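Subject: Structure handover

Hello,

Here is the structure you are taking over. My notes on what was found in it follow below.

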Amino acid sequence: KAVPVIAIDGPGGSGKGTIGLMVAKALKFHFLDSGALYRLVALAAKHHGISTDNEEALTVLAGHMDIAFGAGKHGEPRVYLEGEDVSNDIRTDEVSQMASQVAASGSVREALLARQRDFRREPGLVADGRDMGTIVFPEAEVKIFLTASAEKRAERRFKQLQGMGESASIGDLLTSIRSRDERDRNRSVAPLRPADDAIEVDSSELNIEQVLESVLQVVRDKL
Ligand code: C5P
């Protein structure tokens, strides 16, 4: 019997990372944050002075960069590049924008496919991203498409940054979210869209507990 996959896709800031982790914990499944892979390629490119339009060099990075995923003291996910903890460095606005530029390359996406599928291990996987249900795990047992209005997502990001002691303007965050959405939705390879068999959950007016409950309800129905 195949190892079950729960695919959670959606735009940046929809809460799929937080929800994905909670679902993985609840089911004791593995967790893949596929966005972190695109962010790692972007950060590695930045470190090596490689431009986001140098597809050939980016593809080599995607296939060969030395990365690792682990957990911190409180069980929070940590991400390593060449042995260094870069969990915060991959979340900056600059790297977010670079990641969505890097992600428009078909050959970069191809190079990351095997790395993503490696996460599918017993007893199961929760995978979050843009194309988990459409391209990477099209046969996933459960597919969720998590959305929220751009305004809500900017507001959440604002609070998150505040919590980390960083300042930002909601207007700038909204502009940044919209430009990333547009790039992710309109690219020719693996554009952000719900799989035909995905169940959509709009989290705009829900709190985390309510989103988790709706997602777990779908999981219980399907698994
Ligand atoms: O999910 P996250 O915001 O961390 O993703 C960063 C960027 O990586 C996205 O804007 C998107 O362009 C890209 N991405 C992707 N496919 C995925 C996950 C992320 O293209 N499965």
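In which loop is the place of Arg130? Arg130 sits in the loop between strand 6 and helix 6. Please keep in mind throughout that this is a predicted model.

Arg130 and the ligand

I start with Arg130 since several findings meet there. Its relative accessibility is 13%, and because buried means under 20%, Arg130 counts as buried. The side chain of Arg130 makes a polar contact of 3.3 Å with the side chain of Asp184. Leaving out residues up to four places away in sequence, Arg130 touches Asp9, Gly10, Pro11, Gly12, Lys16, Arg180, Asp184, Arg187, Leu192 and Arg193.

Arg130 also reaches the ligand: one of its polar side-chain atoms lies 2.9 Å from a ligand oxygen atom. Two other arginines do likewise. For Arg109, an N or O atom of the side chain is 2.7 Å from an oxygen atom of the ligand. For Arg180, a polar side-chain atom is 2.8 Å from an oxygen atom of the ligand. There are 17 residues around the ligand, and those that come nearest are Arg39, Arg109, Asp131, Arg180 and Asp184. Asp184 is thus listed here and is also the polar partner of Arg130.

The cavity

How many cavities of 30 Å³ or more does a search of the whole structure find? The search finds 1. The largest cavity holds about 40 Å³ of space. Its lining is made up of Asp9, Gly133, Thr134, Lys143, Ile144, Phe145, Arg193, Pro194, Ala195 and Ala198. Two elements give two or more residues to that lining, helix 6 (132-136) and strand 7 (142-147). Strand 7 has the largest share, with 3 residues. Sorted by class, the lining has 5 nonpolar, 2 polar and 3 charged residues. Asp9 and Arg193, both in the lining, are also among the residues that Arg130 touches.

Phe145 is one of the lining residues and lies in strand 7. With a relative accessible area of 5%, Phe145 is buried. Outside its neighbours within four places in sequence, Phe145 is in contact with Asp9, Gly10, Leu192, Arg193, Pro194, Ala198, Ile199, Glu200 and Val201. Of these contacts, Asp9, Arg193, Pro194 and Ala198 are also in the cavity lining. The C-alpha atoms of Phe145 and Val23 are separated by 14 Å, and the two residues are 122 apart along the chain.

Asp128

Is Asp128 buried or exposed? Asp128 counts as buried, at 3% relative accessibility. Asp128 lies in strand 6 (residues 125-129). Not counting residues up to four places away in sequence, Asp128 touches Ile8, Lys16, Gly17, Phe31, Leu32, Asp33, Ser34 and Gly35. Lys16 is therefore a contact of Asp128 as well as of Arg130, where contact means heavy atoms within 4.5 Å.

Backbone points to look at

Most residues other than glycine have a negative phi, and most peptide bonds are trans. Three places in this model are worth listing against that background.

- Glu122 and Pro123 are joined by a cis peptide bond, with omega about 0°. Pro123 is placed in the loop between helix 5 (106-117) and strand 6.
- Lys28 is not a glycine, yet its phi is positive, at about 55°. Lys28 belongs to the loop between helix 1 (16-27) and strand 2 (30-33). Its relative accessible area of 68% makes Lys28 exposed.
- Ala190, also not a glycine, has a positive phi of about 45°. Ala190 is found in the loop between helix 8 (170-186) and strand 8 (199-202). Unlike Lys28, which is exposed, Ala190 is buried, with a relative accessible area of 12%.

Arg157

Last, a residue in helix 7 (residues 150-163): Arg157. At 22% relative accessibility, Arg157 counts as partly exposed, because the buried class ends at 20% and the exposed class begins over 50%. Arg157 touches Arg91 and Leu173, leaving aside residues up to four places away in sequence. Between the C-alpha atoms of Arg157 and Gly75 there are 22 Å, with 82 residues separating the two along the chain.

Regards

Key. Residues numbered from 1 in each chain as written. Predicted model: local features only at pLDDT ≥ 70, side-chain atom pairs only at ≥ 80, totals over all residues. Heavy atoms only, no water. 1 Å grid on protein atoms, 1.4 Å probe; cavity = no way out; pocket = protein on both sides within 12 Å on 5 of 7 lines; lining within 4 Å. Points joined across faces, edges and corners; volume = space filled by probe spheres on them. Helix = DSSP H or I, 4+ residues; strand = E, 2+ residues; numbered from the N terminus. Nonpolar A, V, L, I, M, F, W, Y, C, P; charged D, E, K, R; others polar. Buried < 20%, exposed > 50% of the residue type's maximum accessible area, 1.4 Å probe, protein only. Near = heavy atom within 4 Å. Polar contact = N/O pair within 3.5 Å; in protein donor to acceptor, adjacent residues only side chain to side chain.
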